[in-house]
Protein chains: 2
Amino acid sequence: MGTTTTNPALLDDGDDHQFRQFIYDVLAFGTRLEAVRDGLGALMGLTGPQYSILITIRMLEQKGSRASIGDIADYMHVSGAFVTSEVNKLKKAGLVAKATDPDDRRRVLLTLTEAAEQRLIDLTEYQVPVNDTLFGSLNREQFDVLRSVFPVLVVDGDSAVREVNYLLKKQSNMAG
Amino acid sequence: MGTTTTNPALLDDGDDHQFRQFIYDVLAFGTRLEAVRDGLGALMGLTGPQYSILITIRMLEQKGSRASIGDIADYMHVSGAFVTSEVNKLKKAGLVAKATDPDDRRRVLLTLTEAAEQRLIDLTEYQVPVNDTLFGSLNREQFDVLRSVFPVLVVDGDSAVREVNYLLKKQSNMAG
DNA sequence: TTGACATAGCGAACTTACTTAGGCAAATAT
DNA sequence: ATATTTGCCTAAGTAAGTTCGCTATGTCAA
């Protein structure tokens, strides 16, 4: 009674205090990680979202997928219109190239330019000390757990977002 | 060479690919967690930041600390002026009370009202299914690792934020 | 005890990071 | 053929912050 989860693995003798503190810490870490990301972007002369778009494109390239505007928007959980406008700035800065997808000429395929790849390489000079500070206290066993857990959490996170949006819609229907 | 960390525990035979993917997943999870938080806030009729302020006050209360405007700002990594303005809205809504600290009359101490505590209790009805979706696949061993790791990551995160801001300042000094 | 400086909070003006709405062009279904 | 859907774009608006300058209080040094 009064707990915010029913998963017994997360309860300490029926108490969810540890779990609440954990959620709080995850959220707090998230804001710090975002601050670091914004700072790394700024070191390249970019805003946080622009930097995020670059590394999302790179991530998709490395996976062998091709990245359209909509793909980036889905990954980042922002609107397509926003990606369009930020990508246009990145194009103007010579960091991404746009090409129409020959298989579907509505789609725009995004790739990193050589200049962008070089700037990302140059950035590692700063990334290394920052990442070492951030994750210097993790050991191998902890990292293995984190590495296996987070992909699942992302997928479950998507489900939870859908669920909360559904609850919200239901509530607003009841109000209206 | 080319890796973004030097911590050997995070490298797979000298390669940081797993580590990069992990960072990407943590960031992705962060955006989803934030979306869930915003949704839970909306279910209470609040914005995400307002909801965050409420649970930050509650967290500090439970720790036995008293919460000033500046304390909340530090915890949330936002400006004091922003906390001031959001807290004033929460006060108008009858959810937080402001009192001047007798020990330092510049400080404003924040407490949750009964109404706020009740609304947070009512919210658990929605929180339970959402948290179960989010964290339903975690087992005890994984949770124990996460629970021990995240408080450290938050502290190290603060250091990393300071470090990246220092690098940024140094760079802008060199430019100017 | 007074003057100089630092700190906490506040309000106003501004910026940034988004969203929604509406339109066009290409693809898909009827 | 035509209707619908999908992908991207532009323009306009909104939310979530910031910075700046102010007042009040506290602190420290002489």
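Turn chain A by 180°, with 0.0 Å of shift along the rotation axis, and it superposes on chain B with an RMSD of 0.2 Å. The two copies are thus related as by a two-fold rotation axis. Keep in mind as you look around that this is a predicted model. To find the axis in the picture, look for Gly30(A): of the residues of chain A, Gly30(A) comes closest to the axis, with its C-alpha at 2.6 Å.

Now see how the chains meet. Contacts join 68 residues of chain A to 69 residues of chain B. On the side of chain A that touches chain B, at least two residues each come from α1 (17–43), α5 (114–135) and α6 (140–175). Which of these elements gives the most? That is α6(A), with 24 residues. Sorted by class, this side of chain A has 36 nonpolar, 22 polar and 10 charged residues. Of the interface residues of chain A, 100% are also interface residues in chain B, so the copies meet through the same surface.

Next, follow the protein to DNA strand C. This strand is surrounded by 21 residues, and the closest are Ser79(A) and Phe82(A) together with Ser68(B), Gly70(B) and Ala81(B). Chain A gives two or more residues to the surface near the strand from each of α2 (48–62) and α4 (80–92), while chain B does so from α3 (69–76) and α4 (80–92). The largest share, 4 residues, comes from α4(B). What kinds of residue make up the surface near DNA strand C? They divide into 7 nonpolar, 8 polar and 6 charged.

Conventions
Residues are numbered from 1 along each chain as its sequence is written. Chains are lettered from A and ligands numbered from 1 in the order in which they are written. This is a predicted model: local features need pLDDT of at least 70, side-chain atom pairs count only at pLDDT 80 or more; totals for chains, interfaces and linings use all residues. A residue is near a molecule or strand if its C-beta atom, placed from the backbone, lies within 6 Å of it. Ala, Val, Leu, Ile, Met, Phe, Trp, Tyr, Cys and Pro count as nonpolar, Asp, Glu, Lys and Arg as charged, and the others, Gly among them, as polar. Two residues are in contact if their C-beta atoms, placed from the backbone, lie within 7 Å. Copies are superposed by least squares on the C-alpha atoms of residues with pLDDT of at least 70 in both.
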